[in-house]
Structure formats: C-alpha cells, structure tokens
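Subject: Structure for you to look at

Dear colleague,

I am passing on the structure we talked about, and below it you will find notes on what came out of it. Please read them with the model open beside you.

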Amino acid sequence: MSFFDIINRELSSFVAVTDAEEEVCELYSVYYSSGHKERVDRVDASLSELEIEINGGQRSFTLTIAQNPHINGELGQTGGVLWNSSVLLSEYFARRSISNWDLSTLNIVELGSGCGLVGIALHRLGAKRVVVTDQRRMMKVLAKNVDRARSKGQLFATEYDWDKGSEDMSVLSEPVDLVVVSDCVYHEEVVPMLVGAMREVCQSRADGKAVGIIGQELRSDLVHQAFVEALLDSFIVYRIPVDPSVDTFYTLYAVWLK
Ligand SMILES: C[S@@+](CC[C@H](N)C(=O)[O-])C[C@H]1O[C@@H](n2cnc3c(N)ncnc32)[C@H](O)[C@@H]1O
C-alpha cells in the first residue's frame, strides 16, 4: 500500500481545508480558546551542537545535530539552527511509524531541511531513501549531520534551491512518495517559491500520489493565509489535528496534487 493510500484511509480524522481565510480564523479561534500556552522550545540557537531527544514513545531516540548559529551573520537566523517544528514533526513521524505509517518503502525528499533533523529522524525510523535539501550556504552543516547520522538505508544531502531547482537532479531521479517541509514559511515572499518546489517534487510521481507533510509554526495570520491560499491553488489540503498540549501554535498538513 502506498503512503498516499495510507493517508487516504485516515481522512476521517483530518480536517478538509478549502478556504484559506476560514482556515486561519479557525486556527486562531481554536488555539486562543485552548489556553494560549507559552511554547516551550526544545532547541537552542546559541549552541554549535546539541543533543535532541526525539520522544516517540516506543520509538524514542537521541540525535546529535551540529548547528551553525552564525551562518547568516545573525545569531539564530534561518536554517543554521534547529527550529522547534523539526522536533515536533520528527516526534510525530516517530509516533505514527509505530502504528500504521510504514516508512520502509518510501522515497522521501525534505525541502528547506536546515540542519536536517526531520530527514535524519526519518532515516533513523527506517525510511528507504531520504534526501535532505537546502540552499548552498546550508550544505556544509547539512552534509556534516548527514554523514554522522547515516546508517542502514540511503541518506543524502543535496542542494535544492526552491527558486532555481537543483543542479544535481538526482533528487528527482526516483519518484518521490513523500515530501516533508518543516517550518519553511516565515515571510510571504517565500510562499510561491516553496509551493512551486513542492509541486515540482510531487510531479516526479506520474500517478499524482506523492504526499506532502508540512509542519508549520503559526507566526503571522496573514503569512499563514497566503501559504494556505497558494497550497490550495495546486493541492488538496487536509489539516492533521495536533494535540494542543504539544504546542498551541503548531499546524500539520497533508497535501497532494489536485
Ligand atoms: C526556519 S528554517 C527551518 C529549517 C528546518 N526545516 C527546521 O525546521 O529546523 C527555513 C529553511 O528554509 C530554507 N530556505 C529558505 N529559502 C530557501 C530557498 N529558496 N531554497 C531552499 N531552501 C530555502 C532556509 O535555508 C532554512 O533552512
């Protein structure tokens, strides 16, 4: 059974998203009424290396991840450091892989991987092939983390700029089953490029059965609305409900091409 079929069996527990404005209203009203807890960050942007515990119940493990806090000349900016979303998304995959999300047959591409935590966690959870990608300036720290984490199975890091695509098209040489995106929308300007890249990677599967799983921190209502609007132009979008005790400002989506 493909990952697409697995996801489609679960649709009754997901929320169909058809209107971006309604989605944002619902998210903010539900989240604010649920107690508006302060988020407890599991990451630390000041360290050059950190141990991250992925708490996935029976599938818990610890990963050592190198960071480059000064990659952009500004402490803690962009993918030089881990974002909380990458921990939450890795833990979500860990928990789901215990029950019915079998990763062992999947070819996975992560976009905007930063330090690579989600892709590396998916590798650790037994995915068949994982390619973590980011812009050129991220490749050093990303390759270091991948080299340290690689065990049984295939784990690669390669440059893939949403705006320019990849010089190394091996990213797309095999049809992709799952595209993973963790916290890549922090400004409206990146939305069309990111959604375009998701479309391109999903099109590597001729049968339209590539699934995108997106974890996104809620920062600005307007930016989030622009993201959902752009997704809805090309994708069927479902929200996967998250337990608000995990993080009241976190959303998860499953998407696939229309
Ligand atoms: C907020 S960080 C999130 C990093 C990582 N996914 C995480 O959750 O820790 C956003 C990531 O998007 C990447 N990014 C931004 N613009 C990009 C582009 N045009 N092409 C590829 N990656 C891009 C950044 O380099 C950065 O790694």
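The sheet in this predicted model is an open one of 8 strands, which follow the order β1-β9-β10-β8-β7-β4-β5-β6 with mixed pairing. Because β1 (15–17) and β6 stand at the edges and have a single partner strand each, one side of each is left without a neighbour in the sheet. From one strand to the next, the twist averages 25 degrees.

Within this sheet, strands β8 (residues 211–217) and β10 (residues 250–257) run antiparallel and are joined by 6 bridges, and E217 has Y250 in β10 as its bridge partner. Helix α7 (residues 221–234) packs on the sheet, where it touches β1, β9 (235–239) and β10, and its direction makes about 130 degrees with that of β9.

Turning to helix α5 (residues 139–149), its buried residues are V141, L142, N145, V146 and A149. These residues lie on the same side of α5, because they cover an arc of only 130 degrees around the axis. In an α-helix, residues three or four places apart point the same way, since there are 3.6 residues a turn. Among the elements that cover the buried residues of α5 are β3 (61–66), α4 (117–124), β5 (129–134) and β6 (154–159).

As for the ligand, 22 residues surround it, and the closest are G79, S86, G112, G114 and S182. The shell around the ligand comprises 9 nonpolar, 9 polar and 4 charged residues, and α3 (84–98) and α6 (190–202) each supply at least two residues of that shell.

Best wishes

Technical notes:
Residues are numbered from 1 along each chain as its sequence is written. This is a predicted model: local features need pLDDT of at least 70, side-chain atom pairs count only at pLDDT 80 or more; totals for chains, interfaces and linings use all residues. A residue is buried if 20 or more other C-beta atoms lie within 10 Å of its own, exposed if 12 or fewer, and partly exposed in between; C-beta atoms are placed from the backbone. Helices (H or I, at least four residues) and strands (E, at least two) are DSSP runs, numbered from the N terminus. The arc is that of the directions from the helix axis to the C-beta atoms. Two residues are in contact if their C-beta atoms, placed from the backbone, lie within 7 Å. A residue is near a molecule or strand if its C-beta atom, placed from the backbone, lies within 6 Å of it. Ala, Val, Leu, Ile, Met, Phe, Trp, Tyr, Cys and Pro count as nonpolar, Asp, Glu, Lys and Arg as charged, and the others, Gly among them, as polar. Two strands pair if DSSP finds at least two bridges between them. Axes are lines fitted to C-alpha atoms, for helices over the stretch in contact, and angles run from 0 to 180 degrees between N-to-C directions.
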